[in-house]
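User: I should like a close look at a single helix in this model. Please set out its place in the structure in a connected way.

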Amino acid sequence: MKIFLLDTYISLTHSSLGLQYIRGCALQDKELNKCLEIKIQSLPIKFLTNITNSKFIHARILEEIIDFRPDIIGLSCYVWSLKEFLNLSQFLKVYIPGVKIILGGPEVSFFPIAKEILTGVPGIDFIIMGEGEIPFQKIIKLLLGKQTGSIADIPGITFRKSSTEIVDGGYGEILDNIDDIPSPYLNGTFSLASECILMETYRGCLNKCSYCSWSVKKHRRFNMKRIISELDVLIDCEMPFIYLIDSVFGPNRKRCEQILNFIIQKTSRQR
Ligand code: B12
Ligand code: SF4
């Protein structure tokens, strides 16, 4: 089975961390590893925004996806890309008959939006709300026939049961131990051609501000050894920007100092 995962970036070129995480977790499953080919592509958002205006740009994006002949396409939706992806999905369904389209990402992680999309956009098959690592692995297993049951048995998948009924899967299971997610920086699957690398040292936020989407995520930390190893690799390959994407930098002073001290020591040795 072939899966094409697509993300967008705004300015600096980078390879999506979310998609690398969900690919890593899917391929970690021994059964899936044997029969899955997953390609990740990140496009500048300008490409997609031009879709409606320029048939040429449109064709170039489609060509790469069509040539890959995916069975499933996963689109990573943020506030800046949802409209464009919904647009693109209509064409993908026409050019790749039978392809299943799965949406994920923060912009589709709320039920009213997920329901509106499934009601109004026939090209979309499934929406995964919240963290994607476990629900993505499970839905792929089911679609491949490697797991019995039905889509409704997998928490976290919102889908169209019939032309009039949409099932709200709510939020799916999350990993308690986020170190179980393979690091794309340590296993060499990230693109060295990127200008910017995203790095997560923990998930969620210790503060619980009611208006913020971060506050509903459970707080979990990556192991310090892993963080230091990732920094080591990224500094060695002279990554121009390492973007720390944590909700707040420094809620834990000791961890903060460990990270900063490592960066200072490592970079001063290299000068
Ligand atoms: C890096 C970043 C940026 C970068 C750009 C990134 C890029 N692609 O070019 C910069 C700094 C430019 C940026 C800008 C903005 N950003 Co920003 N940014 C982020 C940040 C810090 C990291 C994203 C990330 O990689 N996370 C790590 C991965 C692991 O998590 P994830 O992306 O959520 O992915 C998980 C799930 O969502 C899901 N998933 C994701 N994709 C898919 C796809 C499939 C198929 C599946 C199944 C699952 C799935 O599984 C993943 C693993 O669990 C997030 C906050 C955060 N920490 O997440 C905000 C965030 C994405 N940004 C946000 C916002 C609002 C903005 C701005 C609009 C802010 C502003 N007012 O200017 C601007 C955009 C400006 C514009 N021009 O449009 C919001 C988006 C909210 C939304 N509904 O989309 C976020 C969530 C922050 C927040 N909590 O408010 N941003
Ligand atoms: S990220 Fe900021 S706004 Fe959101 S819960 Fe944490 S402290 Fe509050």
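How far apart should the ends of α1 be at 1.5 Å a residue, and how far apart are its end C-alpha atoms?

Analyst: The model is predicted: local features need pLDDT of at least 70, side-chain atom pairs count only at pLDDT 80 or more, and totals for chains, interfaces and linings use all residues. Residues are numbered from 1 along each chain as its sequence is written, while chains are lettered from A and ligands numbered from 1 in the order in which they are written.

Because the expected span of a helix is 1.5 Å times one less than its number of residues, the twelve residues of α1 should span 16 Å, and the end C-alpha atoms of α1 are indeed 16 Å apart. Helices here are DSSP runs (H or I, at least four residues), as strands are (E, at least two), numbered from the N terminus.

The buried residues of α1 (20 or more other C-beta atoms within 10 Å of their own, placed from the backbone) include Leu17, Gly18, Tyr21 and Ala26. Among the elements that cover them are β1, α2, β3 and α7, where contact requires C-beta atoms, placed from the backbone, within 7 Å.

The helix α1 also gives the largest share of the shell around ligand 1, four residues. A residue is near the ligand if its C-beta atom, placed from the backbone, lies within 6 Å of it. Gly18 is one of the residues that come nearest, out of 29 around ligand 1. Other elements giving two or more residues to this shell include β3 and β4.

Finally, the largest nonpolar core (buried Ala, Val, Leu, Ile, Met, Phe, Trp, Tyr and Cys residues joined through C-beta atoms within 7 Å) has 40 residues. To this core α1 gives the most, with five residues.

Notes: Buried ≥ 20, exposed ≤ 12 C-beta atoms within 10 Å, placed from the backbone. Contact = placed C-beta atoms within 7 Å.
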